[in-house]
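Please work through the exercises below with the sequence and the structure at hand. Each task is followed by a solution in steps.

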Amino acid sequence: MQRIVDIATDKSEKEPSQPYGALKLTAMQFYRPDGQSTQLVGVASDIQLPSLSAKLDISESDLDYALLSDNFSATQHRNYRMVDDLITSRLQQSSDERVANEKDFSRLRLEIDAYMKQKGDESISLNETKYRARRSELTKEKIRESYLGANKEGSWGFQDHFYHREVLRIARDYVDLLRSAGR
């Protein structure tokens, strides 16, 4: 669990306050009932969808001095047995079939591939026009990914988006599988 802490600001009376940066401070660790910390690894999704953000070096584990993950003895808890390997496998297979036929996901996969190619490049062009064009593409890809999880400012409710529609289809498939299994 992290928080952002301002380092300091210039409180000059003549000029507006100038920020000097911030620290991202890990104040506590979060633990799952099995005793494992989510530090560095997060919580893995049962169902995977294509995602550019999963390829970006933006997680805490990408930092040089990140806290290590640890664990403690598991806590007793009721296992609801609402997900097993068979259900997860069926959900992933159904989603993969839909995603393979969705043009928006195909376009997203192309963007992910282009980003990964750029990320793997060990050199950059010294030609300013070529360099700026390459940076422009990278910025466009990050911007496209950023709208996947956020509504437009000022809007309320569910945003109709191909990613959100697939999440709802997975949820519907999950409920149908539970019903057919008598759960």
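The exercises that follow concern a predicted model.

**Exercise 1. Overall composition**

Task: Determine how many helices and strands the protein has, and in which order they run.

Solution.
Step 1. Counting the elements gives 4 helices and 4 strands.
Step 2. Read from the N terminus, their order is β-β-β-β-α-α-α-α.
Step 3. The burial of the chain can then be added: 21% of the 183 residues count as buried.
Step 4. The protein exposes about 14,200 Å², of which carbon and sulfur atoms supply 53%.
Step 5. Among contacts with a separation of 6 or more, 61% are made by residues 24 or more positions apart.

**Exercise 2. Helix 4 and its buried residues**

Task: Describe the span of helix 4, state which of its residues are buried, and find what they pack against.

Solution.
Step 1. Helix 4 has 19 residues, and the distance from its first C-alpha to its last is 27 Å, close to the 27 Å expected at 1.5 Å a residue.
Step 2. The buried residues of helix 4 are F162, Y163, H164, E166, I170, D173, L177 and L178.
Step 3. These buried residues pack against helix 1 and helix 2.
Step 4. After helix 4 comes G182, which has a positive phi near 75 degrees.

**Exercise 3. Two helix packings**

Task: Characterise the packing of helix 4 with helix 1 and with helix 2 by angle, axis distance and handedness.

Solution.
Step 1. Helix 1 packs with helix 4 at an angle of about 145 degrees, their axes being 10 Å apart, and this crossing is right-handed.
Step 2. On the helix 1 side the contact is formed by I87, R90, L91, S94, S95, R98 and V99, which meet E166, R169, I170, D173, Y174, L177 and L178 of helix 4. By class, these residues comprise 7 nonpolar, 2 polar and 5 charged.
Step 3. Helix 2 (residues 103-120) and helix 4 (residues 162-180) pack at about 115 degrees, with axes 9 Å apart; their crossing is left-handed.
Step 4. Here D104, F105 and L108 of helix 2 meet F162, Y163, R165 and E166 of helix 4. This contact has 4 nonpolar, no polar and 3 charged residues.

**Exercise 4. The surroundings of E166**

Task: Decide whether E166 is buried or exposed, and list which residues it touches.

Solution.
Step 1. E166 is placed in helix 4.
Step 2. A residue counts as buried under 20% relative accessible area. E166 has a relative accessible area of 1%, so E166 is buried.
Step 3. Leaving aside residues up to four places away in sequence, E166 touches L49, S95, R98, V99 and F105.
Step 4. E166 takes part in the contact with helix 1 and also in the contact with helix 2.

**Exercise 5. The backbone at L40**

Task: Locate L40, state what is notable about its phi, and find how exposed it is.

Solution.
Step 1. L40 belongs to the loop between strand 4 (22-26) and helix 1 (85-100).
Step 2. Most residues other than glycine have a negative phi.
Step 3. L40 is not a glycine, yet its phi is positive, about 75 degrees.
Step 4. With a relative accessible area of 30%, L40 is partly exposed.

Key. Residues numbered from 1 in each chain as written. Predicted model: local features only at pLDDT ≥ 70, side-chain atom pairs only at ≥ 80, totals over all residues. Heavy atoms only, no water. Axes fitted to C-alpha atoms, helices over the stretch in contact; angles between N-to-C directions. Left-handed = near helix turned anticlockwise from the far one by under 90°. Contact = heavy atoms within 4.5 Å. Nonpolar A, V, L, I, M, F, W, Y, C, P; charged D, E, K, R; others polar. Buried < 20%, exposed > 50% of the residue type's maximum accessible area, 1.4 Å probe, protein only. Areas by Shrake-Rupley, 256 points an atom, 1.4 Å probe, with all protein chains shown as cover. Expected span 1.5 Å × (residues − 1).
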